[in-house]
Structures are given as C-alpha cells and as structure tokens.
Amino acid sequence: MVQYPHLDQTIAALADPTRRAVLERLGRESATISGLAEPFGISLTGMKKHVRILEGAGLVTTEKVGRSRRCTIGPRRLDDLQTWIETYRRALGQRLDRFGELVERKKGTTS
C-alpha cells in the first residue's frame, strides 16, 4: 500500500464545506480570522477552530499582525491528494476497460 503521510489530514480538513469556502476565499486574498468568520455568521472561536485544522494540514498559514491574525494560503499544495485520486482513477479506468473488452467478447460469442 502506498503511503501518503498527510493525506488523511488533508482529506479531513477539506471534508468540511466551511473550510473549503475559507480556502476559496484565501485563494483570492489574505484575510483576518474575523474577516473570515463574518460571512459565515460563526463566532471567532468557531473560525479559529477551522483555521487551526487548515493550518495543521499545511493548507493555511497565519501570522499575528497587531491585534489580529492574518491568514493566507499555506505552502502545501494538494499534490499528494491529486496523486492519490489519479492512482484510483487509473485503476478504475483499467477495470472498466477490461469489463468493456469482456462485454465485446461476449457479444461476439452470442451472435
């Protein structure tokens, strides 16, 4: 089995729609935690929890600026997730190709 050390953490971080929306927002521009919380109508504590999970996955970085904490997209890309998805996509494609070949052979024997 191929190991992807950060894959579980990445998938867990991306499993929540609020965290995905935060990443989309940070993809456009950096923001403070309060600026991120406002459109969702959630508390600062709630948004800090989401940001902490994203930060733990390496998807977001934070920096203390004065009295607020500024969030930006993190240094980690989603390469491991993309590699994992491509591996399963390729395996599924190969299985479907073999199934298609089997169906074609069966068609040839029944007509």
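This report walks through one helix face, a charged surface patch and the salt bridges of a predicted model.

## The buried side of H1

Let's start with helix H1, which runs over residues 7-14. Its buried residues are Leu-7, Thr-10, Ala-13 and Leu-14. Those four sit on the same side of H1, because the arc they cover around the axis is only 130°.

## A positive patch

Next up is the surface charge. A patch of positive charge gathers there, built from Lys-48, Lys-49, Arg-52, Lys-64, Arg-67 and Arg-69. Which helix gives the most to this positive patch? That would be H4 (residues 44-56), with 3 residues.

Arg-67 is another member of the patch, and its place is in the loop that links strand E2 (60-65) and strand E3 (68-73). Arg-67 has a relative accessibility of 85%, so it counts as exposed, the cut-off for that label being over 50%.

## Salt bridges: the Arg-25 pair

How many salt bridges turn up in a search of the whole structure? The count is 3.

One of them joins the side chains of Arg-25 and Glu-29, at 3.7 Å from N to O. Both partners are partly exposed, but the numbers are worth a look: Arg-25 has a relative accessible area of 21%, while Glu-29 comes in at 45%. Since buried means under 20%, Arg-25 at 21% still falls in the partly exposed class.

## Salt bridges: two pairs in H5

Helix H5 (residues 79-110) holds the pair Arg-89 and Glu-86. The closest N and O atoms of this salt bridge are 2.9 Å apart. Why are the two residues separated by about one helical turn? Because they are 3 residues apart in the helix. On accessibility, the partners land in separate classes: Arg-89 is exposed, with a relative accessible area of 51%, whereas Glu-86 is partly exposed at 30%. Arg-89 gets its label because exposed means over 50%, and its value is 51%.

Further along, the side chains of Lys-107 and Glu-104 meet in a salt bridge as well, with an N to O distance of 3.5 Å. These two also lie in H5, with a spacing of 3 residues, or about one turn of the helix. Lys-107 counts as partly exposed, at 48% relative accessibility.

Key. Residues are numbered from 1 along each chain as its sequence is written. This is a predicted model: local features need pLDDT of at least 70, side-chain atom pairs count only at pLDDT 80 or more; totals for chains, interfaces and linings use all residues. Side-chain values use heavy atoms; hydrogens and water are left out. Buried means under 20% relative accessible area, exposed over 50%, partly exposed in between (1.4 Å probe, protein chains only). The arc is that of the directions from the helix axis to the C-beta atoms. Patches are made of residues with over 30% relative accessible area and no salt bridge: like charges are joined within 9 Å, nonpolar side chains (Val, Leu, Ile, Met, Phe, Trp, Tyr) within 5 Å. Accessible areas come from the Shrake-Rupley method with a 1.4 Å probe; for residues, only the protein chains shown count as cover. A salt bridge is a side-chain nitrogen of Lys or Arg within 4 Å of a carboxyl oxygen of Asp or Glu. Lys and Arg count as positive and Asp and Glu as negative; His and the chain ends are not counted. The place of a charge is taken as NZ of Lys, CZ of Arg, CG of Asp or CD of Glu.
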